[in-house]
Amino acid sequence: MIKIEDYEKIHLVLDTFHHLDLARWNTPLNYNSVNYFTDELTDDEKLLTHWLCYITDRQMSFQRVWDIGGYVLSYLVLAYRKGDVEAIFRSCVVEKDDTLSLVCERNQDNTRGNSILDRYDRLARNTVPFKSRYMPEDLISIFRTLIRLDKYAERSLSSYIRKALEGETKKPTYNNIRRIASALCDLTYADSRPISQADFGNAISEENKHCASFKPRAFDPARKLFGRKRLWCSLRDYLKSQEFNAVLVSSFKEANFSCAQDWERTNPDLRKALHSLELPGDVWNNEPLFRKGLFEPYFDKQSVPNSWDMPKTIRELYTEIKKTHPDISFYPEQLDVSFNFVPKMCVPGECDICLFGTGIDSICHQQDGTLCSVLLVSCGYRQECKPANCFFKENNVKGLCKTVLT
């Protein structure tokens, strides 16, 4: 059990990440859009494309996932509208040079989408291939998702989510968000296992055979869903991103989801329930310089974890600090700004201009009508500078990092 040694300082650290996170989601420019194959997708199909993209987002360029993977996977989703699911899926998979890929033809009517593909030299051709780092395992997860949605929810991700909340109020609550997370985990990830390329065909057949009996497990509020990075990233986008939240709400309306408007990101009730989201664990929030500088110094030395697991640690820390600061604005998922912060600040050792290092005096210009230089340097986030109402200009976390590089 974590014991906090300095509640006030750790509260300041967490509150700063809360404000960085607010800036992150303040404008769509701070996040990546999907390069869809066509503009003719329904909102539910866009939602499903996004979900499938995150299946492949492992140890590879996230930009490639959204630019190329989004194009090919949205084509697959478009083809998924009608016909035999296995036949549709197999028609999009090719084997070349002993590797499996998803492929589609370029949509010649989609000028913008193709111009994005043209940034990738090897894609200057008519056929667009996409493969993740973990083929064929990711292919099986994609097919599992499609075949289960076909048998259980009319090929609709929003209908699947609606069914996950059957018998409950459809309003956004802590438990309802956890229900959705649990059901989405069962849809795609709960039965994942390593698959060799030689077993690919048999694995497809097995998934097809067993899908008829699929049903998400009964909701257990105590179910632990740590280690499901892609699950939490997807759900976080649906609830917090301006672009994807609009898609979620619209797709809920398409699926006759009662209280669909209550899931709008601006709804105070939804915002209050966001502490249900877990931190997606990755190499950045587990980076030693980051966690040893900003967290370990403020823990009781006897309670510092021997083996750090940041999603579990930050959940435990959040639970502990709520005892003394019940009105804390920060919640665990917000530490995911480390995805942008750590590569820009900690890895290159930019301690002399860091919020938590020697401070931001040399970069904080406080000029109306310009971009906030602190956010741009710290995380690459774009937000208009508003000196009259700025959390960061107070420079009140200066020197809190205890591993400042000189």
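Start with helix 2 in this predicted model. Select residues 43–55. Twelve of the 13 residues are buried, so helix 2 is largely enclosed by the rest of the structure. Buried here means under 20% relative accessible area.

Colour the buried set next. At the start of the helix it takes in Asp-43, Asp-44 and Glu-45. Further along come Leu-47, Leu-48, Thr-49, His-50, Trp-51 and Leu-52. Cys-53, Tyr-54 and Ile-55 complete the list.

Which helices help to cover these buried residues? Show helix 3 (62–79), helix 6 (137–152) and helix 7 (157–164). Then add helix 8 (174–188), helix 10 (229–240) and helix 11 (242–254). These six are included in the cover.

Now check the length of helix 2. Place a distance between its end C-alpha atoms: they are 19 Å apart. At 1.5 Å a residue, the 13 residues should span 18 Å, which agrees.

Move to the nonpolar core. The largest one has 126 residues. Pick out Phe-17, Phe-89 and Phe-295, the residues with the most contacts inside it.

Stay on Phe-295 and display its surroundings. Leaving out residues up to four places away in sequence, Phe-295 touches Ile-10, Val-13, Leu-14 and Phe-17. It also touches Phe-290, Trp-308, Met-310, Ile-314, Leu-317 and Leu-335. Phe-17 therefore appears twice on this stop: among the residues with the most contacts in a core of buried nonpolar residues, and as a contact of Phe-295.

Turn to the open spaces. The largest pocket has a volume of about 900 Å³. To find its centre, select Asp-57, Phe-62, Lys-229, Asp-282 and Phe-339, the closest of its 36 lining residues. Which helix gives the most to this lining? Helix 10 does, with five residues. Helix 3, helix 6, helix 10 and helix 15 (338–344) each supply at least two. Colour the lining by class: 15 residues are nonpolar, nine polar and twelve charged.

Last stop: the second largest pocket, with a volume of about 740 Å³. Its lining has 31 residues, and His-18, Asp-21, Leu-22, Ala-23 and Arg-271 are the closest to the centre. Helix 1 (7–24), helix 10 and helix 12 (268–272) each give two or more residues. Helix 1 gives the most, with five. By class, this lining has 15 nonpolar, eight polar and eight charged residues.

Finish by selecting helix 10. It helps to cover helix 2, gives the most to the lining of the largest pocket, and contributes to the lining of the second largest pocket.

Methods: Residues numbered from 1 in each chain as written. Predicted model: local features only at pLDDT ≥ 70, side-chain atom pairs only at ≥ 80, totals over all residues. Heavy atoms only, no water. Helix = DSSP H or I, 4+ residues; strand = E, 2+ residues; numbered from the N terminus. Expected span 1.5 Å × (residues − 1). Buried < 20%, exposed > 50% of the residue type's maximum accessible area, 1.4 Å probe, protein only. Contact = heavy atoms within 4.5 Å. Core = buried A, V, L, I, M, F, W, Y, C linked by side-chain atoms within 4.5 Å. 1 Å grid on protein atoms, 1.4 Å probe; cavity = no way out; pocket = protein on both sides within 12 Å on 5 of 7 lines; lining within 4 Å. Points joined across faces, edges and corners; volume = space filled by probe spheres on them. Nonpolar A, V, L, I, M, F, W, Y, C, P; charged D, E, K, R; others polar.
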